[in-house]
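Reader: Hello! I would love a close look at one helix pairing here, and then a sense of what surrounds it. Could you walk me through it?

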Amino acid sequence: MHGDLGNKLVQQAKRTQNLAHLPPYQTELVRAVTREVRDLDKDVAALLEPFQGSFHPTDDQAVACTLLVNHLSMRRNKRCLLAYHHTRTDKLEKLVWKGYDVVDLAGQQVGDGSVNAGGASNVANGDGSMNNLSPQEEDYVRQYSDLLAAYKGQWTDIDLTGSLEPPRDLFIDVRVLKDAGEIQTEYGQFYVRQGDVERLIAQGYLQKLS
Amino acid sequence: MSYYDIDAILTDAEKVPCKFELDVPELGYLDNNPAQPLKSGTTIGLPLWLAELLALANRVPSTADEDAKSFVSLNLPPALSNEVMSALKADPRAVPLRDQSHNFYGLGTRMLDLFEEKEICAVLRRTFVTRAADIALHAGKAGATDDMGVGAGEEFLRGLEEWERKLFKKAHDGAKGTKEWMEGVKKH
């Protein structure tokens with residue numbers, strides 16, 4: 001019956017809430033639900049057609065009931081669609097705040113095609129969630145990142161997305177997972193100041209060695 | 001409860017029995033019979049998002065001596081039937097609520113908004129309180145042993161519905177967090 005597909009979408013959203021990464025965007029399902037809404041709208045138009053704009057619910061209660069059912073089904077589908085996308089954008093915003101360079105990672109993976117086999121699990125996650133975005137979601141992430149960067153830019157002496165854990169040591173050992181080009185830090189190559197490389201760790205270029 | 005609340009939306013999909021009060025030619029598909037009109041008096045399980053408003057929408061009486069009626073009349077779903085209520089009265093812990101409905105309390109509160117059922121209300125409250133104590137007990141044990149308490153009380157935990165699962169997870173995380181913090185204190 002109407003609304004069953006929307007329900008599937010919400011069940012997907014429910015699963016998404018409990019996952020660390022973002023599962024693939026359900027293009028087909030979303031399309032099917034919107035198609036259902038369009039069909040329902042056509043049904044409504046067809047039902048009202050013979051009345052020529054002078055329909056009185058009291059005169060024909062069966063039609064009034066059908067119209068109400070159609071209307072409620074459309075409204076239900078709308079809520080399912082919105083909630084599904086809302087759950088996903090929530091997750092994307094969280095990823096952006098955590099400093100995963102979601103959009104960049106995708107570009108790289110498409111670009112060189114070879115993902116470092118020794119990559120840590122969070123690297124795989126970053127890559128995995130990226131390819132699962134719809135084009136609109138990619139755009140959303142890009143613009144949200146820009147907004148966040150502009151917001152952060154107001155304070156130069158504090159990194160809003162930095163770790164809240166006080167570091168045990170000022171310097172840490174890191175392992176390079178992916179070629180990141182020439183990177184200059186103040187003190188050296190592999191024994192580096194944690195604050196300097198926090199972002200590279202979050203993006204998956206480096207792995208912290210404890 | 002927010003518009004985007006996934007659990008609220010899933011609760012909205014729970015089915016309740018509805019009896020149609022009029023013939024509707026176009027709605028046969030609701031009864032899996034699209035070719036036939038839906039006859040007055042047919043009872044079908046409809047999701048709450050449909051049933052509630054169909055039951056609340058008033059239609060004007062067609063003749064003067066008829067009372068104002070709605071399109072459908074609602075009934076309590078099987079999850080809140082007398083049998084389930086008796087079982088809960090006997091021992092709230094012995095009933096796997098999940099088998100009745102994944103959103104058992106959610107469904108209960110929605111139905112009690114529509115029905116004046118003092119007794120069901122009282123039974124549900126007592127059930128929640130009694131089970132919550134048990135959930136906290138299991139969660140504390142599981143949190144302290146690092147696994148999710150597999151083995152002990154497995155049958156009971158399998159029967160938890162969504163609210164209870166959330167409660168379990170919060171209690172579990174709380175116990176685990178306390179344990180970690182205590183260990184951190186000892187180190188310094």
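Author: Gladly! The crossing of H3(A) and H6(A) is right-handed, and this is a predicted model, so please read what follows as a description of that prediction.

Here is the geometry of the pair. Helix H3 of chain A covers residues 61-98 and helix H6 of chain A covers residues 135-152. Their axes come within 10 Å and cross at roughly 45°. That angle makes H3(A) oblique to H6(A), because an angle counts as oblique when it falls outside the ranges for roughly parallel (under 35 degrees), roughly perpendicular (65 to 115) and roughly antiparallel (over 145).

Now to the residues that meet. On the side of H3(A) they are A:Arg88, A:Thr89, A:Leu92, A:Glu93 and A:Val96. H6(A) answers with A:Glu137, A:Tyr140, A:Val141, A:Tyr144, A:Ser145 and A:Leu148. Sorted by character, the residues of this contact divide into six nonpolar, two polar and three charged.

Stepping back to the chain that holds this pair, chain A has seven helices and three strands. From the N terminus on, its elements run α-α-α-α-α-α-β-β-α-β. Chain A has 210 residues, and buried ones make up 22% of them. Among its contacts between residues at least 6 apart in sequence, 73% join residues at least 24 apart.

Just ahead of H3 in chain A there is a backbone detail you may enjoy. The loop between helix H2 (27-48) and H3 of chain A holds A:Gln52. This residue is not a glycine, yet its phi is positive, at about 55°. Most residues other than glycine have a negative phi. A:Gln52 has 7 C-beta neighbours inside 10 Å and therefore counts as exposed, the cut-off for exposed being 12 or fewer.

The partner chain offers a similar detail. B:Asn32 sits in the loop between strand S1 (15-20) and strand S2 (43-47) of chain B. Its phi, near 60°, is again positive in a residue other than glycine. B:Asn32 counts as exposed because it has 9 C-beta neighbours inside 10 Å.

As for chain B as a whole, eight helices and five strands make up its secondary structure. Along the sequence they follow the pattern α-β-β-α-β-β-β-α-α-α-α-α-α. Of its 188 residues, 30% count as buried. Of the contacts in chain B between residues at least 6 apart in sequence, 62% join residues at least 24 apart.

UniProt, in an unreviewed entry, lists residues 4-55 of chain B as "domain: DNA replication complex GINS protein PSF3 N-terminal". Over residues 4-55 the chain is 29% helix and 21% strand, and the C-alpha atoms at the two ends are 24 Å apart.

Finally, the two chains touch each other: 23 residues of chain B are in contact with 23 residues of chain A. On the chain B side, helix H1 (6-12) and helix H2 (48-56) are the elements that give two or more residues. H2(B) provides the largest share, four residues. By character, the chain B residues that touch chain A divide into 20 nonpolar, no polar and three charged. For the helix pair you asked about, the matching division was six nonpolar, two polar and three charged.

Notes:
Residues are numbered from 1 along each chain as its sequence is written. Chains are lettered from A and ligands numbered from 1 in the order in which they are written. This is a predicted model: local features need pLDDT of at least 70, side-chain atom pairs count only at pLDDT 80 or more; totals for chains, interfaces and linings use all residues. Axes are lines fitted to C-alpha atoms, for helices over the stretch in contact, and angles run from 0 to 180 degrees between N-to-C directions. A crossing is left-handed if the near helix is turned anticlockwise from the far one by less than a right angle, and right-handed if clockwise. Two residues are in contact if their C-beta atoms, placed from the backbone, lie within 7 Å. Ala, Val, Leu, Ile, Met, Phe, Trp, Tyr, Cys and Pro count as nonpolar, Asp, Glu, Lys and Arg as charged, and the others, Gly among them, as polar. UniProt positions are given in the numbering used here, feature names are shortened, and annotations may be inferred rather than shown by experiment. A residue is buried if 20 or more other C-beta atoms lie within 10 Å of its own, exposed if 12 or fewer, and partly exposed in between; C-beta atoms are placed from the backbone.
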